[in-house]
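Good morning, colleagues. Please look at the sequence and the structure on the screen while I take you through several of its contacts.

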Amino acid sequence: MSTRVPRRVALITLGCSRNEVDSEELAGRLAAQGWELVPKAADADAVLVNTCGFVDAAKKDSIDALLAADDLRAGDGEPAGAGPRAVVAVGCLAERYGSELAASLPEADAVLGFDAYPSIGEHLEAVLGGATVPAHTPRDRRTLLPITPVERGASANIAVHVPGHAGAGAQVGGGPVGAAPGGGVVGAPGRRRLTAGPVAALKISSGCDRRCAFCAIPSFRGSHVSRPVDDVLAEAEWLAGEGARELVLVSENSTSYGKDLGDLRALEKLLPQLAAVPGIVRVRTVYLQPAELRPSLLEVLLTTPGLAPYLDLSFQHASPGVLRRMRRFGGSEHFLDLLDRGRQLLPGLGARSNVIVGFPGETEADVDILAEFLEAAELDAVGVFGYSDEEGTEAVSLPGKISEEEIERRRVQITDLVEQLTAARAQERIGSRVQVLVEEVTDGLAAGCAGHQQPDADGSCVVRLPGPAAAGDPAGLPGVEVGDLIEARVVATEGVDLVAEFTAVLDRARPAAGRGEALPLAGGRASVLVGRRGVDGA
């Protein structure tokens, strides 16, 4: 039997929920390779920073996290455990810039791309042993897979690693699942949860085949690849066993799910199966592309029991002229019709979107069209971004560039409008009943998200619970625990957040058989996934 003391590693995650899934894959791999995961970077031998490379602010956050980890290093002569001895960058920023990032940031001992994930433990061992690990050389990951989607399907034999897909040895076309030391498998998906809350992200696909003029994501995340249905269902069942009650289905473009599996209706078939997984009370699909949202899929999303009453629609703008320059489709009239059709199916649905202002060539008239659309759309949440050039995108070379000062003025204008509109939308829900998944209970209050609120993105709901006397009365209302799905009546609002009065427990959380331990972390769902900024916008 080995007497080797396990190496300790801390994971820090920046960016979106897709990155959270990737971090949990890395955690599963490291645990399988004999590493001990610790919640504090100061207690680790190595710190793995899963970076974000989406927009300038996210890149800065990632670099700041690497520098902060470097500041924790043990000094010369200090004993083991006095601080980390290695800081390693992975994730989107590392994949996108690789050797360039390594050259400009000597504080990082290694900069590794996605293809290094299957051997992540070996790479960290090498760094701790004093070896020089070559920095990742960036390449356009779209060129690594066939252009035709069906040629990327589950039967393809293509050795390209896709982060967050099933199996500790997963690659496009399948592959071996990593075995744990002494035999067995590290969970069904080769993933280890880093949080103990009732909400969990589940990646259904990666990459994107669209060519939006402003977006660099496909170049470093690659072409669209769907996970096989059986893999998704197996991971959903595993997550339910780990205590998850709501599954948030994530991807770069969820509406493309299945096209490489030879079935354009694959998502419509998958959603009811996920909603039927024992222990799961709500399934939420995000990153929906309006141009690909077929009527049959819209109907499934809004009429299937167990699916959140929710649409996360990537509009990006409302002016047809701006959208065409963005290499996107639709416009105000089309988008309002889509929302109207959705509300005919489900009147109380929640809807959110992201918009970009200041795109090259955008006029004041275009901004007015966007503002008028937002006033008519009755969205519950809107992310507003100011345009910035992204290397390698078509928009960099477009004429009609707008000054940074004007972009910021427009961003503030639309943000102010959005704050008024979404607060008014929340007030319209006063008197209605909402279903809240409880994430925290304290001092007579339950906090969580209603069906129309995406966790960590769209506000929250605080529910006033019955007093001790009523709770202790056998004929009175039962107590409430984390993971319960409860009903409540909205009585007030604070911006987009709701305040509600408890009415009933709809579904109680049950002890998760065989649930693995999450890391003992403070701070609720954030846990070791520090630095999350919610900068999604594909």
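R191 and E235 are both buried. In this predicted model, their side chains meet in a salt bridge, with a distance of 2.4 Å from N to O. R191 lies in the loop between α5 (120-128) and β6 (199-203), while E235 belongs to helix α7 (residues 229-241), so the pair ties together parts that are 44 residues apart in sequence. As general background, side chains of opposite charge can pair when their charged atoms come close.

The structure holds 47 salt bridges, and I shall discuss a few others. The side chains of E391 and R96 also meet in a salt bridge, at 3.4 Å from N to O. This pair links distant parts of the chain: E391 sits in the loop between β13 (381-386) and α13, R96 sits in helix α3 (residues 91-97), and 295 residues separate them. Are these two partners buried or exposed? E391 is partly exposed, because its relative accessible area is 48% and the partly exposed class ends at 50%. R96, at 11% relative accessibility, counts as buried, because that value is under 20%.

A third salt bridge lies within a helix. E408 forms it with R411, and the closest N and O atoms are 2.8 Å apart. Why are E408 and R411 separated by about one helical turn? The two are three residues apart in helix α13, and that spacing corresponds to about one turn. In general terms, an α-helix has 3.6 residues a turn, so residues three or four places apart point the same way. Both partners are partly exposed: E408 has a relative accessible area of 37%, and R411 has one of 26%. Beyond this pair, salt bridges that share partners join E362, E364, E406, R409 and R410 into one network.

Let me stay with one member of that network. E362 is placed in the loop between β12 and α12. With a relative accessible area of 4%, E362 is buried. A polar atom of the E362 side chain lies 2.7 Å from the backbone nitrogen of G358. Which residues does E362 touch, not counting those up to four places away in sequence? They are H317, V322, R325, I356, V357, V367, I402 and R410.

I turn now to helix α11. Its 14 residues, 332-345, should span 20 Å at 1.5 Å a residue, and the C-alpha atoms at its ends are indeed 20 Å apart, in agreement with that expectation. Which residues of α11 are buried? They are S332, F335, L338, L339, G342 and R343. These residues cover an arc of only 130° around the axis, which puts them on the same side of α11. On the other side of the helix, E333 and Q344 are exposed.

What covers the buried residues of α11 includes the helices α9 (295-303), α10 (320-325), α12 (364-377) and α13 (404-427), together with the strands β11 (310-316) and β12 (350-357). Helix α9 has buried residues of its own, namely L297, L298, V300, L301 and L302. Their cover includes α8 (266-275), β10 (282-285), β11 and, in turn, α11.

Finally, I come to a sheet. Five strands form an open sheet in the order β2-β1-β3-β4-β5, with parallel pairing. Its edge strands are β2 (36-37) and β5 (110-111), each of which pairs on one side only. Strand β4 (residues 86-90) pairs with β5 in the parallel sense over two bridges, and A89 stands opposite V111 in β5.

In the loop between α4 (99-104) and β5 we find E107. This residue is partly exposed, with a relative accessible area of 26%. How far apart are E107 and V88 in space, C-alpha to C-alpha? The distance is 9.0 Å, for two residues that are 19 apart in sequence. Leaving aside residues up to four places away in sequence, E107 touches L67, D70, R73 and V87.

Allow me to return to the opening pair: R191 and E235 are both buried, whereas E408 and R411 are each partly exposed. Thank you for your attention.

How values were computed:
Residues numbered from 1 in each chain as written. Predicted model: local features only at pLDDT ≥ 70, side-chain atom pairs only at ≥ 80, totals over all residues. Heavy atoms only, no water. Helix = DSSP H or I, 4+ residues; strand = E, 2+ residues; numbered from the N terminus. Expected span 1.5 Å × (residues − 1). Buried < 20%, exposed > 50% of the residue type's maximum accessible area, 1.4 Å probe, protein only. Arc of directions from axis to C-beta. Contact = heavy atoms within 4.5 Å. Salt bridge = Lys/Arg side-chain N within 4 Å of Asp/Glu carboxyl O. Polar contact = N/O pair within 3.5 Å; in protein donor to acceptor, adjacent residues only side chain to side chain. Pairing = 2+ DSSP bridges.
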